[in-house]
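Biologist: Could you take me on a close look at one part of this model, the way two of its helices pack, and then walk outward from there to whatever surrounds it? I'd enjoy one connected account.

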Amino acid sequence: MSVVFKKEVLDEFEIIANRYPTRRAALLPALWLAQREFGYLSLEVLDYIAQIVKISPVQVYEVAEFYTLFHKKPVGKYHLQVCRTISCALNGALDIQRAIEAHLHTKPGEITHDKLFSYELVECLASCHTAPCMRINEDYYENLSPEKVNEILNQLVKENNQNAI
């Protein structure tokens, strides 16, 4: 198998796994480490995780598929997740989707040509009281409007360009 954790990541996993009564219980942290290490959870990565937590691959697939924070294909540097459930929908999520699509020239499930942004629609982000909302990587953006979305995206492009210098 060509997918393996670097020694320091494997050591980190072992420290985490030792906190649990069984290795199986460390599945979520293992998936999180794998995504951090490899960028996304390919089938090969999921099979590797099954080996190190000592459960069947299908059990790992089920968990990885359930949680929207785990990416099963490559994502951009900034991965946008837009909530599409009822609270967000009633408060303008479709307008947020349109603003993103117009700004990035992309559709849900796609990645921009420069690999800076990817975008997907997800079920509840658990922020119904501040709908509509989206998550970019680990940060939540709430009470959104199309104008706020454009400001956020422009700021991310600006920060990325400054970091490239």
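Modeller: Happily! In this predicted model, helices H2 and H4 pack with their axes 11 Å apart and at an angle of about 75°. That angle makes H2 roughly perpendicular to H4. On the H2 side, the contact is made by Leu27, Leu28 and Leu31, and on the H4 side by Gln59, Val60, Val63 and Ala64.

Leu31 is a good residue to follow from here. Setting aside neighbours within four places in sequence, Leu31 is in contact with Val60, Val63 and Ala64, and also with Leu41, Leu46, Ile49 and Phe70. Leu31 also belongs to the largest nonpolar core, which has 24 residues. Among the residues with the most contacts inside that core, Leu31 is listed together with Phe5, Phe13, Leu41, Ile49, Val53 and Val60. Helices H1 (7–17), H2 (27–38), H3 (43–53) and H4 (57–66) each supply at least two residues of this core. The largest share, seven residues, comes from H3.

Apart from this core lies another one, of 17 residues, including Leu116, Tyr119, Met134 and Ile152. Met134 brings us to the sheet: Met134 is the bridge partner in E3 of Val82, and Met134 also stands opposite Tyr141 in E4.

The sheet itself is open, with four strands in the order E2-E1-E3-E4 and mixed pairing. E2 and E4 (139–141) stand at the edges with a single partner strand each, so one side of each has no neighbour in the sheet. From one strand to the next, the twist averages 20°.

Now for the pairings, strand by strand. E1 and E2 (residues 117–122) pair in the parallel sense over six bridges, and Tyr78 has Phe117 as its bridge partner in E2. E1 and E3 pair in the antiparallel sense, over three bridges. E3 and E4 also run antiparallel, joined by three bridges.

Helices cover this sheet as well. Helix H6 (residues 93–104) packs on the sheet and touches E1, E2 and E3, its direction making about 155° with that of E1. Helix H7 (residues 146–164) lies across E1, E2, E3 and E4, and runs at about 0° to E3.

How enclosed is strand E1 (residues 78–83)? Six of its six residues are buried, so E1 is largely enclosed by the rest of the structure. In a regular strand, side chains alternate between the two faces of the sheet. Here Tyr78, Leu80 and Val82 point one way from E1, while His79, Gln81 and Cys83 point the other way, and all are buried.

One last stop is Arg135, found in strand E3 (residues 134–136). Is Arg135 buried or exposed? Its relative accessible area is 8%, and the cut-off for buried is under 20%, so Arg135 counts as buried. Leaving out residues up to four places away in sequence, Arg135 touches His79, Leu80 and Gln81, along with Thr68, Leu69, Leu125 and Tyr140. A polar atom of the Arg135 side chain lies 3.1 Å from the backbone oxygen of Asn137. Finally, the C-alpha atoms of Arg135 and Tyr119 are separated by 10.0 Å, with the two residues 16 apart along the chain.

Definitions and conventions:
Residues are numbered from 1 along each chain as its sequence is written. This is a predicted model: local features need pLDDT of at least 70, side-chain atom pairs count only at pLDDT 80 or more; totals for chains, interfaces and linings use all residues. Side-chain values use heavy atoms; hydrogens and water are left out. Buried means under 20% relative accessible area, exposed over 50%, partly exposed in between (1.4 Å probe, protein chains only). Contact means heavy atoms within 4.5 Å. A polar contact is a pair of N or O atoms within 3.5 Å; within protein, one must be able to donate a hydrogen and the other to accept it, and residues adjacent in sequence count only if both atoms are side-chain atoms. A nonpolar core is a set of buried Ala, Val, Leu, Ile, Met, Phe, Trp, Tyr and Cys residues joined through side-chain atoms within 4.5 Å. Two strands pair if DSSP finds at least two bridges between them. Axes are lines fitted to C-alpha atoms, for helices over the stretch in contact, and angles run from 0 to 180 degrees between N-to-C directions. Angles under 35 degrees count as roughly parallel, over 145 as roughly antiparallel, 65 to 115 as roughly perpendicular and the rest as oblique.
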